[in-house]
Amino acid sequence: MERKWWHDKVAYQIYPKSFMDSNGDGIGDLQGIIRKLDYLKDLGVDILWLSPIYCSPLADEGYDISDYYAIDPRFGTMEDMEELIAEAKKRGLTILMDLVVNHCSDEHEWFKKACEDPEGRYGKFFYLRDKDPGGKLPTNWRSYFGGPSWAELPGTDKLYLHVFHTKQPDLNWENPELREEVYRNIRWWMEKGIGGFRIDAIINIKKPAVFHDYPADRDDGLSSIQNMLLEAEGIGEFLGEMRDKAFAPYDAFTVGEVFNEREEDIPLFIGDGGYFSTMFDFTAEIFGRSEKGWFDTKRLTIDDFRECMFAAHRKIGDIGFYSTIIENHDEPRGVSRYLTDEMRTEGGKKALATVYFLRRGLPFIYQGQEIGMENKRIRTVAELDDISSIDAYKVAVDAGISKERALETLTFFSRDNARTPMQWNEEAHAGFTKGEPWLAENPNYTCINVQEQLGREDSVLAYYKKLIALRKDPGYKETFVYGAFEPLPDCGHNVIAYLRKGGAQTILVAANFNTGERQIKLPAGGCTGGKTLLVNEGEAAFDGSVLTLKGLQAAVILLKI
Ligand code: GLC
Ligand code: CA
C-alpha cells in the first residue's frame with residue numbers, strides 16, 4: 001500500500017453551530033473555534049473536519065448551501081476563515097471542509113436562475129420534469145426527510161427532484177458544466193490552504209438512466225431512495241473525474257460519506273489510487289434499520305457491535321482504510337447507543353473508546369465524545385430542531401405508535417443528541433455561550449464538562465489523550481496504523497477482543513462490557529512480551545496466556561515484541 005500523509009493522523013469533527021460561541025448570539029462560530037484550537041492541539045488530534053459553514057438558510061443546518069464561496073455571517077467572515085486556517089496550521093492542524101454537492105439550497109443563485117428560465121443553462125443544473133396535468137409525480141421515491149422527492153419549481157409548470165428536503169434540490173451530475181463548477185469550487189478551497197474534504201451524501205449523485213417507480217414500502221405509496229440507488233450504475237466516472245481534476249493535484253485528504261458500499265466497489269473507492277482517501281465505516285450505525293422508520297429499528301447489543309466491526313474488517317481486509325467512528329452529527333451519542341445504562345460509566349465509556357479507536361483505520365472523534373457526552377432526554381416534539389427527527393416522530397405516530405414511545409425513539413436516535421452545545425464547563429449553558437443557545441444544552445453538563453475533566457487524571461478526556469498518544473507512539477505506531485487486524489472471535493458475551501499485528505509485534509486490544517470479571521484466553525503461539533500499554537481502570541491481570549478483565553475493564557497489551 002502506498003503510504004500517505006494522513007495515515008497516522010487522528011481526526012476530530014466540529015459541528016460549528018454548537019462548538020463555541022464567541023459573541024453571545026447563541027450560535028457557535030469560527031472565532032469560537034479559533035479560541036479552542038489550543039484545547040484541540042492538546043488533545044492530540046491533527047485533522048479538523050468542520051460541518052458546513054457556507055452561506056445557507058440552515059434548513060438542514062448548513063447542508064443546504066446557497067453560496068459555496070462565502071461564509072455564513074452567523075459563523076463569521078472569510079477573514080475569520082483565513083485566520084482559522086492559518087492558526088490551525090501554526091499548530092500543525094489541518095482543516096477539512098464539508099463538500100455538499102449532491103444538492104444545493106433552493107436559495108442558491110443557480111436554482112433561482114433555473115426558476116426564471118428552466119430551459120436555460122441553470123435549468124440543466126437540476127433534475128426537472130414537466131408537471132403531469134393529472135398530478136402524477138414522475139416517480140414514487142420517498143425523500144430521506146419524508147414525503148415525495150418531487151416539488152414544484154416555483155413560477156413554472158415543472159417539478160424538481162430533491163432526495164433530501166424540498167429546500168435541497170438535487171444537482172444534475174450528468175451535466176459536465178455542473179461538474180466543472182464543483183471542481184472549480186474544490187480547487188478554490190484547496191488554494192486557500194485546507195487539507196481536503198469530507199464528502200457528503202455522495203452516493204446519491206448517480207441516478208438511474210431511466211426514472212421509474214418501485215414497489216411501495218409504506219402506506220404512503222412511496223418507495224425508499226435505496227431502490228433507485230441500487231439501480232444506478234456508473235458513479236465511478238464522476239468520482240474518478242473529481243479525483244483527477246480536483247483532489248489529486250493537491251494530494252487532498254478526502255473521506256466519503258458512503259453507505260451500503262458494495263464489496264466489489266471498495267478497491268475502486270479507497271484502494272490505492274481510489275476515488276477517496278478513506279470512507280466511513282457505518283456498519284454499526286445502519287445495523288437493524290427498518291424501512292418502516294426509526295421506531296422499528298432493532299437496537300444493537302455489544303455482541304452485535306462486535307460482529308459489525310469484525311464484518312467490516314473482513315470486507316475491507318488490507319485494501320485501504322475505513323474511517324472509524326462511534327458517533328457524528330447525524331447519529332445519537334455513541335455511549336448512549338452502544339452502552340446499556342449499566343455499562344455507561346466512565347469505565348464503560350473508556351472501554352468503548354479503546355475498541356473502536358485502535359481498530360485498523362483512521363479514527364474520527366466527534367466533538368464532546370472525548371468527554372463522554374450523552375444523549376439528552378427529549379420530552380416534547382417542540383424541543384426538536386432536526387428535520388429528520390420531526391419526520392421520524394410523524395412516521396411513528398402515523399404507524400400507530402404511542403406518543404410516549406415515539407418520543408423515546410427520538411431520545412434514542414435523534415440527530416439533535418449530537419447537536420446540543422459542547423459542554424465546556426459548569427457555568428450557564430455549559431460555557432458554550434453568554435447568550436441563549438440556539439439549541440438547549442444537555443442538563444448533565446454540570447457533571448460532564450471539559451473543565452472538570454481537564455483537572456482529573458482518570459477522566460474520559462485524559463483517557464482519550466492517552467489513546468491518541470498511544471496510537472502515535474513511535475514504538476507502536478507501525479502496528480496500530482498499518483498492522484493487520486485479527487479478531488479473537490470466541491471471547492464470550494459482551495467481550496470484544498482483537499489483535500493488531502505488524503512485523504514481529506503483536507498487540508492485544510480487549511474490553512469486557514460485563515459488570516463481572518471475564519477471562520480472555522490467548523491463541524496458542526506464546527507471548528514474549530506481556531507489557532500493559534494501556535488500561536482504562538485499575539491494573540490488567542495478565543499471565544502470558546490469559547488476560548483477566550474486571551467488569552467494564554479494557555486493556556491494551558503488547559504480546560510479542
Ligand atoms: C449527510 C449529512 C446530513 C445531511 C444530509 C443531506 O448525510 O451528514 O447531516 O442532512 O447529508 O445533506
Ligand atoms: Ca456566535
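A disulfide is a pair of cysteine sulfur atoms within 2.5 Å. This predicted model holds 0 disulfides. Cys104 is in none, and the nearest cysteine sulfur, in Cys115, is 10 Å away. Seen from Cys115, the closest cysteine sulfur is that of Cys104, and 10 Å is too far for a bond. Cys104 is buried, with a relative accessible area of 0%. Cys115 is buried too, at 17%, because buried means under 20% relative accessible area.

**Domains**

The protein chain is divided into three parts. Domain 1 comes in two segments, 11-101 and 176-462. Domain 2 covers 109-161, and domain 3 covers 485-560. Between the C-alpha centres of domain 2 and domain 3 the distance is 56 Å.

**Nonpolar cores**

The largest nonpolar core has 144 residues. Within this core, Tyr12, Met81 and Phe197 touch the most other members. Another core lies apart from it and has 17 residues. Among them are Ile520, Leu547, Leu549 and Ile557.

**The calcium site**

Ligand 2 is a calcium ion. Which residues coordinate the calcium ion? Asp21, Asp25 and Asp29 each do so through OD, Asn23 through OD1, and Ile27 through O. The distances run from 2.2 to 2.3 Å. Along the sequence, the donor residues follow the spacing D-x1-N-x1-D-x1-I-x1-D.

Are the donors Asn23 and Ile27 buried or exposed? Asn23 counts as exposed, at 52% relative accessibility, because the exposed class starts over 50%. Ile27 is buried, with a relative accessible area of 13%.

**The ligand 1 site**

Ligand 1 is surrounded by 14 residues. The closest are Asp60, Asp200, Glu257, His329 and Asp330. Three side chains place a polar atom by an oxygen atom of ligand 1, as the table shows.

| Residue | Distance from its polar side-chain atom to an oxygen atom of ligand 1 |
|---|---|
| Glu257 | 2.8 Å |
| His103 | 2.9 Å |
| Arg415 | 3.0 Å |

How much of ligand 1 does the protein bury? Taken alone, ligand 1 exposes 310 Å², and the protein buries 95% of that. Glu257 appears twice in this picture: it is one of the closest residues, and one of its polar side-chain atoms lies 2.8 Å from a ligand oxygen.

Note on methods:
Residues are numbered from 1 along each chain as its sequence is written. Chains are lettered from A and ligands numbered from 1 in the order in which they are written. This is a predicted model: local features need pLDDT of at least 70, side-chain atom pairs count only at pLDDT 80 or more; totals for chains, interfaces and linings use all residues. Side-chain values use heavy atoms; hydrogens and water are left out. Donors are N, O and S atoms within 2.8 Å of the metal (3.2 Å for Na, K and Ca); water is not among the atoms, so sites may look incomplete. Buried means under 20% relative accessible area, exposed over 50%, partly exposed in between (1.4 Å probe, protein chains only). A nonpolar core is a set of buried Ala, Val, Leu, Ile, Met, Phe, Trp, Tyr and Cys residues joined through side-chain atoms within 4.5 Å. Domain bounds come from an automatic or database domain assignment. A residue is near a molecule or strand if one of its heavy atoms lies within 4 Å of it. A polar contact is a pair of N or O atoms within 3.5 Å; within protein, one must be able to donate a hydrogen and the other to accept it, and residues adjacent in sequence count only if both atoms are side-chain atoms. Accessible areas come from the Shrake-Rupley method with a 1.4 Å probe; for residues, only the protein chains shown count as cover.
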